[in-house]
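Work through the exercises below with the model open beside you. Each task is followed by a solution in steps.

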Amino acid sequence: MTKVRGSSMGADAMVVVDGLRCQFDVSRPWLNRIFNREGRATLTAVADVSFSIPRRKTFALVGESGSGKSTIAKTVVGLIRPTRGKISIDGVSMTDEAQSARRQQLRRRIQMIFQDPYASLNPRWRVRRILAEPLRVFGLQKDPRSSENRVQELLSLVGLDSADAAKFPHEFSGGQRQRIAIARAIAAEPAFIVCDEPTSALDVSVQAQILNLMRELQERLGLTYLLISHNLAVVRHMASDIGVLYLGRLVELAPPNELFDRPRHPYTQMLLDAVPDLESIGRRVRRPIEGEAANPINPPSGCAFHPRCRYRNERCKLEIPLPMQIADRKVACHGIAEGRL
């Protein structure tokens with residue numbers, strides 16, 4: 001894999017994903033297929049995705065719904081077994097069965113922050129028990145007094161009061177619940193956190209507070225983030241590198257400034273045109289999003305984006321474009337490779 005600035009595949013990488021592919025059998029029941037003379041149906045959710053995340057940095061994955069973002073997140077942490085490809089976290093393979101013992105030891109250092117904070121918290125538990133549970137499971141605190149002190153410390157780290165430990169999740173606002181979810185994630189003293197749409201269920205005014213909190217904790221605790229989001233404004237201020245996904249494939253990978261100032265892939269340009277920007281009103285022509293994402297069970301031949309692309313030609317319809325290195329970014333587009341864009 002070619003090296004991209006900010007995305008080293010070397011020893012400084014906390015997470016390395018190489019050639020990841022995830023396919024799922026979505027066939028109808030056997031008897032239905034016999035009567036209707038149907039074959040098996042396979043959904044390719046992720047196709048040959050490669051990236052790496054340096055320590056203490058944030059890598060963001062963006063794309064429309066159904067692009068494969070959450071599938072990648074769940075696969076990286078081991079919730080879904082990949083069909084093909086390699087994943088390593090802190091030098092430990094997540095796909096090699098020979099390293100299962102080392103992988104078990106690594107579990108504590110990998111945590112997730114979910115989209116809906118209320119759904120991810122046990123409504124019958126007080127906050128004290130929610131935050132103390134990781135301490136108990138991983139054996140981080142041996143006695144009740146030290147556990148209580150750690151709970152108070154965690155609440156302080158995320159900007160909540162010590163009295164909040166006695167409350168239930170329903171007694172908090174959405175932003176406060178997400179702070180509790182973040183506190184639970186860092187309770188296990190992780191090195192790597194997957195953030196799956198952590199602000200999409202929150203009000204805009206609260207989103208900035210949560211993002212600032214995440215950045216402060218990253219600097220203070222030395223955390224590495226994989227950030228999943230459909231909100232480009234969020235990833236611009238959080239990420240050190242951004243990968244743009246379309247129908248399971250990375251079509252562009254670049255640092256934020258490069259991606260936002262000079263988007264190269266037509267799909268990236270389309271996504272950015274859809275972002276409201278008061279500064280650009282009257283200064284540049286915006287194009288509305290064209291068409292809809294293709295069916296992943298029966299994707300188009302060649303480049304999956306070609307039915308929606310104004311720059312397509314016959315090669316785009318027949319051949320899948322391979323990622324090519326252009327300065328500090330990677331782009332998978334025949335139009336760019338041929339000099340048409």
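**Exercise 1: the four-stranded sheet**

Ile 89 faces Val 92 of strand 5 across the pairing. The model is predicted: local features need pLDDT of at least 70, side-chain atom pairs count only at pLDDT 80 or more, and totals for chains, interfaces and linings use all residues. Residues are numbered from 1 along each chain as its sequence is written, and side-chain values use heavy atoms, with hydrogens and water left out.

Task: state the strand order of this sheet and find its edges.

Solution.
- Fix the terms. Strands (E, at least two residues) and helices (H or I, at least four) are DSSP runs, numbered from the N terminus. Two strands pair if DSSP finds at least two bridges between them.
- Read the order. It is 2-1-4-5, in an open sheet of four strands with antiparallel pairing.
- Find the edges. Strand 2 and strand 5 each have a single partner strand, so one side of each has no neighbour in the sheet.
- Count the bridges. Strand 1 (residues 13-25) and strand 2 are joined by nine. Strand 4 (residues 84-89) and strand 5 are joined by two.
- Locate a facing pair. Asp 25 is opposite Thr 42 in strand 2.
- Check the cover. Ten of the 13 residues of strand 2 (42-54) are buried. Buried means under 20% relative accessible area, exposed over 50%, and partly exposed in between, with a 1.4 Å probe and protein chains only.
- Add the helix. Helix 2 (residues 69-76) lies across strand 1, strand 2 and strand 4, at about 115 degrees to strand 1.

**Exercise 2: the eight-stranded sheet**

Task: give the strand order, then place the helices that lie across this sheet's strands.

Solution.
- Read the order. The open sheet runs 6-7-8-3-9-10-12-11, and its pairing is mixed.
- Find the edges. Strand 6 (110-113) and strand 11 (324-326) have a single partner strand each, so one side of each lacks a neighbour in the sheet.
- Take the twist. On average, neighbouring strands are turned by 25 degrees against each other, direction ignored.
- Inspect one pairing. Strand 10 (residues 249-254) and strand 12 (residues 329-331) run antiparallel, joined by two bridges. Glu 252 is opposite Val 331 in strand 12.
- Place helix 8 (residues 204-221). It lies across strand 3 (58-62), strand 7 (192-196) and strand 8 (224-228), at about 155 degrees to strand 8. Angles run from 0 to 180 degrees between N-to-C directions, and axes are lines fitted to C-alpha atoms, for helices over the stretch in contact.
- Place helix 11 (residues 266-273). It lies across strand 9 (241-246) and strand 10, at about 100 degrees to strand 9.

**Exercise 3: the cover of helix 11**

Task: which residues of helix 11 are buried, and what covers them?

Solution.
- Count. Seven of the eight residues are buried, so helix 11 is largely enclosed by the rest of the structure.
- Name them. They are Pro 266, Tyr 267, Thr 268, Met 270, Leu 271, Leu 272 and Asp 273.
- Identify the cover. It includes helix 9 (232-238), strand 9, strand 10 and helix 10 (256-261).

**Exercise 4: a helix pair**

Task: describe how helix 6 and helix 7 cross.

Solution.
- Choose the descriptors. Two packed helices are described by the angle between their axes and the distance between the axes.
- Apply them. The axes of helix 6 (residues 144-157) and helix 7 (residues 174-187) come within 9 Å and cross at roughly 125 degrees.
- Classify. The angle makes helix 6 oblique to helix 7. Under 35 degrees counts as roughly parallel, over 145 as roughly antiparallel, 65 to 115 as roughly perpendicular, and the rest as oblique.
- List the contact (heavy atoms within 4.5 Å). Helix 6 supplies Arg 150, Leu 154 and Leu 157, and helix 7 supplies Ala 183, Ile 186 and Ala 187.

**Exercise 5: loop residues**

Task: is each of Arg 56, Asp 90 and Thr 95 buried, partly exposed or exposed?

Solution.
- Arg 56 is in the loop between strand 2 and strand 3. Its phi is near 65 degrees, positive in a residue other than glycine. At 54% relative accessibility, Arg 56 is exposed.
- Asp 90 is in the loop between strand 4 and strand 5. Its phi is also positive, about 55 degrees, though it is not a glycine. At 22%, Asp 90 is partly exposed.
- Thr 95 is in the loop between strand 5 (92-93) and helix 3 (100-106). At 19%, Thr 95 is buried. Beyond neighbours within four places in sequence, its contacts include Arg 81, Lys 86 and Arg 103.
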